[in-house]
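User: I should like to go through this model step by step, beginning with the chain and then turning to its parts. Please reason briefly before each answer.

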Amino acid sequence: MIPFIPQGPSAIVAWTDDSTDTSVTLDTGQYGVPNCLLVVNPDTADVVAFSYSFDPLDTNASVPTSGANGVGCVIGPASSVLLRIDSQYRQGNLYLSVAGDTGTGNVYVTPGVI
């Protein structure tokens with residue numbers, strides 16, 4: 001097993017129901033560019049969709065519904081995922097987006113290397 005090594009500051013992304021999402025910028029300049037993200041959804045009831053991009057205009061996460069596909073990686077309640085970032089796209093600031101199924105909550109994102 002290859003260990004996850006945190007690299008740079010973690011971010012908290014506050015989300016509301018599926019009608020909105022939030023983007024934040026991780027500072028990748030000082031610490032270098034991560035090759036993965038550890039994303040934690042601590043909410044015990046809600047599913048979230050998580051999306052990231054190096055383009056601030058291309059991060060709109062949305063939770064899938066019975067009538068529409070979602071955008072981003074779906075993360076179940078009280079779950080975490082480790083997402084690899086394709087090396088050809090690792091440049092500049094990284095923008096994050098989260099949308100929730102219902103209610104409000106937070107998702108924690110830690111950049112790192114494996």
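User: What share of the area that the chain exposes do carbon and sulfur atoms supply?

Analyst: The model is a predicted one. In this model the chain exposes about 6,000 Å². The part of that area supplied by carbon and sulfur atoms is 52%.

User: How many helices and how many strands does the chain have?

Analyst: Read from the N terminus on, the elements run β-β-β-β-β-β-β-β-β. The count for the chain is therefore 0 helices and 9 strands.

User: What percentage of the contacts with a separation of 6 or more joins residues 24 or more positions apart?

Analyst: The contacts considered here are those in the chain with a separation of 6 or more. Within that set, residues 24 or more positions apart account for 83%.

User: Is strand β5 largely enclosed by the rest of the structure or not, and how many of its residues are buried?

Analyst: Strand β5 covers residues 48–53. A residue counts as buried under 20% relative accessible area. Strand β5 is largely enclosed by the rest of the structure, because the number of its 6 residues that are buried is 5.

User: Which strands pair with β5, and over how many bridges?

Analyst: With strand β6, residues 73–75, β5 pairs in the antiparallel sense over 3 bridges; there, Val 48 has Ile 75 as its bridge partner. Tyr 52 has its bridge partner in β8, namely Leu 96. The pairing of β5 with strand β8, residues 94–100, is also antiparallel. The answer is thus β6 over 3 bridges and β8 over 6 bridges.

User: Are the rings of Phe 50 and Tyr 52 stacked, edge-to-face or tilted?

Analyst: A search of the whole structure finds 1 aromatic pair. Its rings, those of Phe 50 and Tyr 52, have centres 6.4 Å apart and planes at 35 degrees. Planes under 30 degrees apart would count as stacked and those over 60 as edge-to-face, so this pair is tilted.

User: Which of the classes buried, partly exposed and exposed applies to Phe 50, and which to Tyr 52?

Analyst: The relative accessible area of Phe 50 is 1%, whereas Tyr 52 has 26% relative accessibility. The range for partly exposed lies between 20% and 50%. Phe 50 is therefore buried, and Tyr 52 is partly exposed.

User: What distance separates the C-alpha atoms of Ala 45 and Gly 76?

Analyst: Ala 45 lies in the loop between β4 and β5 and is exposed, with a relative accessible area of 60%. Ala 45 and Gly 76 are 31 residues apart along the chain. Their C-alpha atoms are separated by 8.4 Å.

Methods. Residues numbered from 1 in each chain as written. Predicted model: local features only at pLDDT ≥ 70, side-chain atom pairs only at ≥ 80, totals over all residues. Heavy atoms only, no water. Buried < 20%, exposed > 50% of the residue type's maximum accessible area, 1.4 Å probe, protein only. Helix = DSSP H or I, 4+ residues; strand = E, 2+ residues; numbered from the N terminus. Pairing = 2+ DSSP bridges. Phe/Tyr/Trp six-rings, centres within 6.5 Å; stacked < 30°, edge-to-face > 60°. Contact = heavy atoms within 4.5 Å. Areas by Shrake-Rupley, 256 points an atom, 1.4 Å probe, with all protein chains shown as cover.
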